[in-house]
Structures are given as C-alpha cells and as structure tokens.
Amino acid sequence: MRTSTAARAGQYAALLAYLVFLAFPFLWLLSTALKPPAELAGLHPTWIPRDPTLANFRQAFDEQPLLRAALNSLLAALSAAVVAVVVATPMAYVMARRRTALTRAATGWVVVSQAFPFVLLIIPLFLVLKNLRLIDSVPGLVMVYVVWALPFALWMLVGYVRAVPAELEEAAAVDGAGRLRTLVSVTAPLLAPGIVATALFAFVTAWNEFFFALVLLKTPEKQTLPVVLTHFIGAEGVADLGPLAAAAFLATLPSLVVFAVIQRRITSGMLAGAVKS
C-alpha cells in the first residue's frame, strides 16, 4: 500500500513538474507584457508585475498592423488545414486499405520526407511558385503550407483509418454501397476525431510558421503575424520587449483557444466506437 501511494505521489509530482515546464514560457510572456518599461529595465526581474499596465498592448497595436496580420495568418492557416484534410483523407484511405508494395513505399516516403529541412525545400518551392506567379501571395503561401503539412497529415490519418474495423465497410458493400459511398457515409464519420486532430495540427503549424512566410511574402499588407512580430526588433537587434511580449502573447491565444474548445470532442470521439447491432 505504501509503495503504491508513493508511486502515485511520484506520478502526480512528475505531472505537475511537466505542467509547470509547459506553462512557464506562456506565464512569463504574460508577466512581461503587463510590466511597464521601467520595470522591464530593472536588474531584478519579478514574476508578478508590481505595477501592471495594458500600455504594452496598446503600443503594440499602434506600432504594427497586428489585426491585419492576424487575418492573413487566419486565412492561410484555415485554408491550409481544410485543403490538407480534404486531400489527405482519400489518400490515407487507399494507403491503409490497399496493402501493396506501392502503398508501403508511399508510406515510407511520407515518413522520410519529414526529415527534410526547410532550407532544402524553399528553393524548389520558390521556383515553382515563381513560374505560377504566386510569389508574394497568400494562395501561394497556402500551397506551400499544404505541401508541408500533407505528409504528416497522411501519416496520422492512415493510423486512424486502420483503426476503423474493416467489417463495417464490408457490411456497407453487402448493402450495395460503392467505395466512395462507403468512405463518405461509413468511414468518414468514424474518422471525425482523426480528421479534427489532423486539421488542428495543420492549422497550428501554419499559424506559427515563420520561415516560408518571411521568404515568400514581401508586401507588408500580406505578411502574416509571425513575420510582423519581428518588426518589434530594431535594426541593431534591440527588441522593444514590452510590445513584443504583448503581441506574442496575443499570437499564441488562437492555438490555445482552438485546442481548448475541441480537445474534449477529440477525446470523446477517440473513445467512442461503432457497434453494429
């Protein structure tokens, strides 16, 4: 009994330490955003602002077009998530249900492609977008985000498709449903948790992405939020710390809110099964 209690206490302590580790950057960012300039320049930083203020948030919106940049990021992230899921779902279905040498090779390529660095991809992608006249455009950026998110989306959805009992599809085939009807009416509803998780991954990846947006978008009106955040750093590398922390804090909120809203549905959907009576 004592060993079990000690083990459980150790598990809770490890979980608490992990939560503190994850929450520390976000809480420190909020603390910095609420501090006045005099307190930020102090030699002894504190956790809790002694004189909290919202001036940094107002200054951030006054200095940079954060709202426009956030709308650009939202448009690019949502578009990339939707397109990636729509393209990846039927591909994942084929790769999961047809076990051939070609599908095994495709699965291996999907895994290997995740090891490619950004620098290796940016030049060919830039040339392709240049030929398509999509440089310095949000649709061109969305195309790049879809290409980047598609391999991992495929890898995730293949696992979800394999978890769906094949007997359900066989029963639908006996009832006269074709492949497309089976995918839409039988498999897709059971894949809903996986589709939501995959879309969330694609959205968060595109929302936080910086390198591709920096290289491909030159017009200030089209730049995304991560690129605009760099404008708070001066030419000599000196950061305007208060407004930067305020803007960065606001930039992290959409991902947290989206996950907080749908995480319960993801969990309940993953635990829910299909029972044919």
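## Ground rules

Buried means under 20% relative accessible area, exposed means over 50%, and partly exposed covers what lies in between (1.4 Å probe, protein chains only). By that yardstick Phe212 is buried, with a relative accessible area of 0%.

This is a predicted model, where local features need pLDDT of at least 70 and side-chain atom pairs count only at pLDDT 80 or more, while totals for chains, interfaces and linings use all residues. Residues are numbered from 1 along each chain as its sequence is written, and side-chain values use heavy atoms, with hydrogens and water left out.

## Helix α7 and its kink

Helices here are DSSP runs of H or I with at least four residues, strands are runs of E with at least two, and both are numbered from the N terminus. Helix α7 covers residues 138-163, 26 residues in all. From first C-alpha to last, α7 reaches 36 Å, close to the 38 Å expected at 1.5 Å a residue (the expected span is 1.5 Å times one less than the number of residues).

At Leu150, α7 bends by about 40 degrees; the bend is the angle between axes fitted to the seven residues ending there and the seven starting there. A proline, Pro151, follows within four residues. At the N-terminal end, Ser137 acts as the cap of α7, with a side-chain oxygen 3.2 Å from the backbone nitrogen of Gly140.

## The loop before α7

Two residues in the loop between α6 and α7 have unusual-looking backbones to check: Arg133 and Asp136. Phi of Arg133 is near 60 degrees, a positive value in a residue other than glycine, and phi of Asp136 is also near 60 degrees. Their surroundings read differently: Arg133 is exposed at 77% relative accessible area, whereas Asp136 is buried at 17%.

## Aromatic pairs

Rings of Phe, Tyr and Trp (its six-membered ring) pair if their centres lie within 6.5 Å; planes under 30 degrees apart are stacked, over 60 edge-to-face, and the rest tilted. The whole structure holds 8 aromatic pairs. One of them is Trp148 with Phe212, edge-to-face at 6.1 Å centre to centre and 70 degrees between the planes. Trp148 sits in α7 and Phe212 in α11 (residues 211-216), so this pair ties together parts 64 residues apart in sequence.

Phe152 and Trp155 have ring centres 5.4 Å apart and planes at 35 degrees, so that pair is tilted. These two are 3 residues apart in α7, about one helical turn. Both are partly exposed: Phe152 at 24% and Trp155 at 47%. Elsewhere, Phe26, Phe57 and Phe249 form one aromatic cluster.

## Around Trp28

The charged end of Lys35 sits over the ring of Trp28, 4.9 Å from its centre; the test asks for NZ of Lys or CZ of Arg within 6 Å of the ring centre and within 35 degrees of the ring normal. The backbone oxygen of Trp28 is reached by the side chain of Thr32 at 2.8 Å. Thr32 lies in helix α1 (residues 2-33) and is buried, at 8%.

## What the record adds

An unreviewed UniProt entry places the feature "transmembrane region" at several spans, including residues 12-30, 141-161 and 182-207; such annotations may be inferred rather than shown by experiment. In the model, residues 12-30 are 100% helix and 0% strand, with end C-alpha atoms 26 Å apart. Residues 182-207 come out at 96% helix and 0% strand, and their end C-alpha atoms lie 33 Å apart.

Methods: Polar contact = N/O pair within 3.5 Å; in protein donor to acceptor, adjacent residues only side chain to side chain.
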